[in-house]
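Me: I should like to learn how to read the packing of helices in a protein model. Could we work through one case step by step?

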Amino acid sequence: MDNADFEIKFSTLRRRVQAHLDAAPGCHDFDHTLRVLRNAETLAADTPGADLRVVRLAALLHDLARPEEIRLRGKACHARLGAAMIPEFVADCGFPPELVAAVAEAVRTHRYRDDARPRTVEGAIVYDADKLDSLGAVGIGRAFLFAGRAGARLHNSAQEALSSPPYSREDTAYREYLVKLRKLPAAMLTDSGRATAAARAAFMDEFFRRLHQECGQTPSSEEEA
């Protein structure tokens with residue numbers, strides 16, 4: 001498959017993915033997919049040995065099963081479901097079987113949960129690209145979109161956030177920051193991903209410090225850790 005043929009097939013698949021994610025919530029919609037795709041292309045350019053075709057397709061398809069996971073309120077893993085869906089979803093696109101298999105593997109491991117550690121450089125890139133979209137200004141916006149969808153408060157204390165379950169009134173953007181987002185830079189897998197994550201995390205740290213201050217909160221040991 002030459003580059004021109006690949007680009008035609010990729011454009012067709014992109015339209016299909018857009019239609020598939022059309023009704024997805026704002027924090028996991030097609031705009032998110034496009035940002036992850038852009039992140040992945042940037043990281044791939046800085047990562048020796050990366051197969052750009054695998055990276056681009058996996059980034060495009062990484063949230064294929066996200067609507068199902070949302071419907072089940074997180075009781076299913078969209079990474080595993082998406083990897084299983086990919087062969088049928090792209091069956092009539094004409095991509096070589098070995099390319100489809102490599103893409104499905106990168107999608108399967110892009111959450112890096114349990115034992116599903118990325119085993120390929122392409123998987124590591126897609127993992128980092130997805131996590132970068134949870135950091136910085138975009139990460140803040142997405143955290144508030146999710147909290148709003150769950151009916152959460154604007155802000156709360158660390159004690160309120162950390163002692164509360166997900167999908168509750170206390171499942172604020174701040175809870176997402178304390179439980180998950182502030183830990184992401186240390187979990188990045190590529191050199192370029194780590195550098196970008198550190199810069200975005202610094203902006204996010206300052207934002208929540210200011211929000212805490214403006215809401216009259218006093219930092220606790222959890223926040224200072």
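Reply: Certainly; please keep in mind that this is a predicted model. Let us begin with helix α8 (residues 136–149) and helix α11 (residues 191–214), whose axes come within 7 Å and cross at roughly 50°.

Me: How are α8 and α11 oriented to each other, and why?

Reply: In general, a pair of packed helices is described by two quantities, the angle between the axes and the distance between them. The angle here makes α8 oblique to α11. On the side of α8, the contact is formed by G136, A137, G139, I140 and F144, and on the side of α11 by R200, F203, M204, F207, F208 and L211. Sorted by class, this contact of α8 with α11 holds eight nonpolar, two polar and one charged residues.

Me: What is the angle between the axes of α1 and α3?

Reply: Helix α1 (residues 3–20) and helix α3 (residues 52–61) have axes that cross at roughly 10° and come within 10 Å. Since angles under 35 degrees count as roughly parallel, α1 is roughly parallel to α3.

Me: Which residues of α1 and α3 meet?

Reply: From α1, the residues are N3, F6, E7, F10, L13, R14 and V17; they meet R53, R56, L57, L60 and L61 of α3. The contact of α1 with α3 comprises seven nonpolar, one polar and four charged residues.

Me: How do the axes of α2 and α7 cross?

Reply: The axes of helix α2 (residues 30–45) and helix α7 (residues 121–132) cross at roughly 130° and come within 8 Å. The two helices α2 and α7 are therefore oblique to each other. A further descriptor is handedness: α2 passes α7 in a right-handed crossing. In this contact, H32, V36, N39, A40, L43 and A44 of α2 meet I125, D128, A129, D130 and L132 of α7. Seven nonpolar, two polar and two charged residues take part in the contact of α2 with α7.

Me: I should now like to consider the whole chain. How many helices and strands does the protein have?

Reply: The protein has twelve helices and zero strands. Its radius of gyration is 18 Å, close to the 17 Å that the globule rule gives for 225 residues, so the protein is as compact as a globular protein of that length. Along the principal axes, the C-alpha trace spans about 60 × 35 × 30 Å.

Me: What percentage of the residues is buried?

Reply: Of the 225 residues, 48% are buried. One may also ask how contacts relate to the sequence: among contacts between residues at least 6 apart in sequence, 67% join residues at least 24 apart.

Me: May we take a single residue as an example? Where does R16 lie?

Reply: R16 lies in helix α1. Its relative accessible area is 27%, so R16 is partly exposed. Not counting residues up to four places away in sequence, R16 touches F89, V90, D92 and C93. R16 and V90 are 74 residues apart along the chain, and their C-alpha atoms are separated by 9.4 Å.

Me: Where is D51 found?

Reply: D51 is found in the loop between α2 and α3. With 34% relative accessibility, D51 counts as partly exposed. The C-alpha atoms of D51 and L99 are separated by 9.9 Å, although these residues are 48 residues apart along the chain.

How values were computed. Residues are numbered from 1 along each chain as its sequence is written. This is a predicted model: local features need pLDDT of at least 70, side-chain atom pairs count only at pLDDT 80 or more; totals for chains, interfaces and linings use all residues. Side-chain values use heavy atoms; hydrogens and water are left out. Axes are lines fitted to C-alpha atoms, for helices over the stretch in contact, and angles run from 0 to 180 degrees between N-to-C directions. Helices (H or I, at least four residues) and strands (E, at least two) are DSSP runs, numbered from the N terminus. Angles under 35 degrees count as roughly parallel, over 145 as roughly antiparallel, 65 to 115 as roughly perpendicular and the rest as oblique. Contact means heavy atoms within 4.5 Å. Ala, Val, Leu, Ile, Met, Phe, Trp, Tyr, Cys and Pro count as nonpolar, Asp, Glu, Lys and Arg as charged, and the others, Gly among them, as polar. A crossing is left-handed if the near helix is turned anticlockwise from the far one by less than a right angle, and right-handed if clockwise. The radius of gyration is taken over C-alpha atoms; the globule rule is 2.2 Å times the number of residues to the power 0.38. Buried means under 20% relative accessible area, exposed over 50%, partly exposed in between (1.4 Å probe, protein chains only).
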